Amino acid sequence: MTGTLYLRDAFGWHSEYTDKVAFAQLTDKNSSCITPGVCLQRQFEERSSYNRLGNSVKILGYVPVINVIIGILILTVSKFNNLDPNRPNNKQLWMVRGVAMIFTGPLLIVIDLIKFLYDCRIASKYRQEYPHNIRQFDHTHEHTYPLLPGLVECVYI
């Protein structure tokens, strides 16, 4: 295997491209966050909607002055919540992110860009080595998208 991607990682940005690979890797590991017998695409869409929220928080952290507020918020939330139990040391990484956001603010964009490019490279290699794992996200039905993140329903055609 080329490398491991994680959902809700503290550094880097998330895209559908990298999130599908991370989710496929969780499926390979028989992770407890994957419910067998439930539409895999639906589970993916429920989890990835929260990743978009994480990207928004990171982007707000690049704005001077707002970065201090967001950094304090990240520190507070990460103390009480391990955002993804599948990621080793996730709580500590988000705390480092909060402190770094407070002190460096807009400079974190460089670190996030490097991490995002590295994640894209891992995703590309994984898609080449395991194309059948990515094909499992193909489905023969549609999903409805409610206003609140994390509530996706399958509608069969």
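This report describes the fold, burial and nonpolar cores of a predicted model.

## Overall fold

The secondary structure of the protein chain consists of six helices and two strands. Along the sequence these elements follow the pattern α-α-α-α-α-α-β-β, with the helices preceding the strands.

Among contacts in the protein chain with a separation of 6 or more, 66% are between residues 24 or more positions apart.

## Burial and surface

The protein chain has 157 residues, and 41% of them are buried. The exposed surface of the protein chain comes to about 8900 Å². Carbon and sulfur atoms account for 64% of that area.

## Largest nonpolar core

In soluble globular proteins, nonpolar side chains tend to be buried together. The largest nonpolar core in this model has 15 residues. Within this core, the residues that touch the most other members are L5, V21, F23 and F137. Three elements each give two or more residues to the core: α1 (16–28), α2 (40–60) and α5 (108–129). Of these, α1 supplies the largest share, with five residues.

V21 lies within the range of α1 (16–28). When neighbours within four places in sequence are left aside, V21 is in contact with L5, A123, Y126, R127 and I134. Three of these partners, A123, Y126 and R127, fall within the range of α5 (108–129). L5, one of the contacts of V21, is also among the core members that touch the most others.

## Second core

A separate core contains 10 residues. Its members include A10, F11, W13 and Y62.

How values were computed: Residues numbered from 1 in each chain as written. Predicted model: local features only at pLDDT ≥ 70, side-chain atom pairs only at ≥ 80, totals over all residues. Heavy atoms only, no water. Core = buried A, V, L, I, M, F, W, Y, C linked by side-chain atoms within 4.5 Å. Buried < 20%, exposed > 50% of the residue type's maximum accessible area, 1.4 Å probe, protein only. Helix = DSSP H or I, 4+ residues; strand = E, 2+ residues; numbered from the N terminus. Contact = heavy atoms within 4.5 Å. Areas by Shrake-Rupley, 256 points an atom, 1.4 Å probe, with all protein chains shown as cover.
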